[in-house]
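Hi,

Here is the structure I said I would pass on to you. Have it open while you read, and click on the residues as they come up.

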Amino acid sequence: MQHSSIPEKSTSTRVITEWRPEEPAFWQQQGQRIASRNLWISVPCLLLAFCVWMLFSAVAVNLPKVGFQFTTDQLFLLTALPSVSGALLRVPYSFMVPVFGGRRWTAFSTGIMIIPCVWLGIAVQDPTTPYSTFIVISLLCGLAGANFASSMANISFFFPKQKQGGALGINGGLGNLGVSVMQLIAPLAVSFSIFAAFGATGTPQPDGSVLYLENAAWVWVPLLVVCTLAAWFGMNELATSKASLRAQLPVLKRSHLWIMSFLYLATFGSFIGFSAGFAMLSKTQFPEVQVLHFAFFGPLVGALARSAGGAISDRLGGTRVTLVNFMAMAIFSALLFLTLPSGGTGGNFTAFFCVFLVLFMTAGLGSGSTFQMISVTFRKMTMERVQNAGGTESEAMREAATETAAALGFISAIGAIGGFFIPKAFGTSLALTGSPAGAMKVFLVFYVACVVITWAIYGRKK
């Protein structure tokens, strides 16, 4: 048996005891095939997670149509809470793959999303369901948002460092498509009687149609079952990735963890925040426009751009791509002021929409390039530290993989806060001044600061 082969026993039990993706022969013979299979099972699992995470953005707006008397503030809170719980839960989720194994954790974290989906479908059919119940379900949808941390950490173990940007870009980018997919599928699903066999009767509407709001939640359940089974029977676990929680915690002491968290908040935080707040913002500025017909375009562009951002960064370097990207985000944030109405008059929706599409694209590109930077930075930093302390190359590579995965997961938790902060900033600005310009000024300063930090810390020297 060649040195680069994987023992037959370990593949049959789904646990791989030898994994050396940095060795070209090993990667070409077996590593690439196994890594690709795990990636392409991970992608639909993560896509569904984003669908469930953003579920209340489609459900909350329709609750008054099925008999619920919640206030506007209560409905906005329901759409924001999954981002809060998702961000908080990403912290423990980021450490779970080395503790429990990627295959088992992916299957568990995908399957558990069935609970809020089934519960929400039942709750919306009874107008006497208390608001507190929806609060709990909304927070449970945050479990789906937390999946991103463990999913990205898991995939990082399978790929060599020169291919991590592309692999993480595909996993994260196509996973982010779930936001757009949900905004496309949910409005269609609520128009048809799909689950009549399970007691779904729908709610008659004044125009004679019937609204099956439960379908917005239940339509994902069969897909979640399929993906849970695919993860359990199709994915692998890497024995080399196992590590205790205690072994991963030192990553919190690294200064680069907090610097990259700041940069990732500006990219992914902008993507998920704009996704949550764009429709609401557009409606306040251009009430005559049926914005729901266009809302899915932004998340679609951003998700596809994320996949490209990782691949481009593998070729050109994550720092270079990130720096140029932040410059573009700052420029187009400034241009957005020119598209807004003033005093309730003027403004140009076409220009507003186009500028936002570019912001979605740059937020997606930056999400991919910053993740590539994280992988390169933490692998290089950890390997140098271990080898300088007298450790072997294999020990250095193992610790680098563990610390990189923990960093990727933790930093993703910080980025998810943008899903709450950006819509809240828009709402506060509108409440205080009647315009979102105040919030956009804050974002502009934030992006300019990211340009300076990226250049000063990562751009001036390799």
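Below is what I found in it, place by place.

First, keep in mind that this is a predicted model.

**The cavity**

Let's begin with the empty space inside. The structure holds one cavity of 30 Å³ or more, and the space in the largest cavity comes to about 60 Å³. Which residues line the largest cavity? They are Ser-42, Cys-45, Leu-46, Thr-106, Ser-109, Thr-110, Asn-147, Ser-150 and Ser-151. If you sort that lining by type, you get two nonpolar residues, seven polar ones and no charged ones. Three helices each give at least two residues to the lining: H2 (24-53), H6 (102-111) and H8 (131-158).

**Two of those helices, side by side**

Now look at H2 and H8 together. Their axes are 9 Å apart, and the helices pack at an angle of about 170 degrees. How do the two helices run, roughly parallel or roughly antiparallel? Angles over 145 degrees count as roughly antiparallel, so that is what H2 is to H8.

From H2, the contact is made by Trp-27, Ile-34, Ala-35, Asn-38, Leu-39, Ser-42, Leu-46, Ala-49, Phe-50, Val-52 and Trp-53. From H8, the contact is made by Cys-141, Gly-142, Ala-144, Gly-145, Asn-147, Phe-148, Ser-151, Ile-155 and Phe-158. Sorted by type, the residues of this contact are 14 nonpolar, six polar and no charged. You may recognise some names here: Ser-42, Leu-46, Asn-147 and Ser-151 are among the residues that line the largest cavity, and they are part of the contact of H2 with H8 too.

**Around H6**

Next, go to Thr-110, which sits in H6. Thr-110 has a relative accessible area of 1%, so it is buried. Setting aside neighbours within four places in sequence, Thr-110 is in contact with Cys-45, Asn-147, Leu-224, Cys-227 and Thr-228. Of these, Cys-45 and Asn-147 are cavity-lining residues, as is Thr-110 itself.

Gly-102 is in H6 as well. With a relative accessible area of 2%, Gly-102 is buried. Its contacts, again without neighbours within four places in sequence, are Val-97, Asn-154 and Glu-237. Try finding Asn-38 from here: Gly-102 and Asn-38 are 64 residues apart in sequence, but 9.5 Å apart in space from C-alpha to C-alpha.

Just along the chain is Gly-101, in the loop between helix H5 (96-100) and H6. Is Gly-101 buried or exposed? Its relative accessibility is 1%, and under 20% counts as buried, so Gly-101 is buried. The C-alpha atoms of Gly-101 and Asn-154 are separated by 8.4 Å, although the two residues are 53 residues apart along the chain.

That brings us to Asn-154, which belongs to helix H8. Asn-154 is buried, at a relative accessible area of 3%. What does Asn-154 touch, not counting residues up to four places away in sequence? The list is Val-97, Gly-102, Thr-106 and Met-235. Thr-106 may ring a bell, as it is one of the residues that line the largest cavity.

**Two more stops**

Ala-303 is in helix H14 (residues 297-316). Its relative accessible area is 0%, so Ala-303 is buried. Not counting residues up to four places away in sequence, Ala-303 touches Gly-173, Leu-174, Asn-176, Leu-177 and Phe-271. From C-alpha to C-alpha, Ala-303 is 8.7 Å from Gly-178, and the pair is 125 residues apart in sequence.

Finally, find Ile-331 in helix H15 (residues 318-336). Is Ile-331 buried or exposed? Over 50% relative accessible area counts as exposed, and Ile-331 has 51%, so Ile-331 is exposed. Look for Leu-444 from there: it is 113 residues away along the chain, with 8.2 Å between the C-alpha atoms of Ile-331 and Leu-444.

Write back if you get lost anywhere.

Cheers

Technical notes. Residues are numbered from 1 along each chain as its sequence is written. This is a predicted model: local features need pLDDT of at least 70, side-chain atom pairs count only at pLDDT 80 or more; totals for chains, interfaces and linings use all residues. Side-chain values use heavy atoms; hydrogens and water are left out. On a 1 Å grid over the protein atoms alone, a cavity is a set of points where a 1.4 Å probe fits but cannot get out, and a pocket is an open set with protein on both sides within 12 Å along at least five of seven lines; lining residues have an atom within 4 Å of a point. Grid points are joined across faces, edges and corners, and a volume is the space filled by probe spheres set on the points. Helices (H or I, at least four residues) and strands (E, at least two) are DSSP runs, numbered from the N terminus. Ala, Val, Leu, Ile, Met, Phe, Trp, Tyr, Cys and Pro count as nonpolar, Asp, Glu, Lys and Arg as charged, and the others, Gly among them, as polar. Axes are lines fitted to C-alpha atoms, for helices over the stretch in contact, and angles run from 0 to 180 degrees between N-to-C directions. Angles under 35 degrees count as roughly parallel, over 145 as roughly antiparallel, 65 to 115 as roughly perpendicular and the rest as oblique. Contact means heavy atoms within 4.5 Å. Buried means under 20% relative accessible area, exposed over 50%, partly exposed in between (1.4 Å probe, protein chains only).
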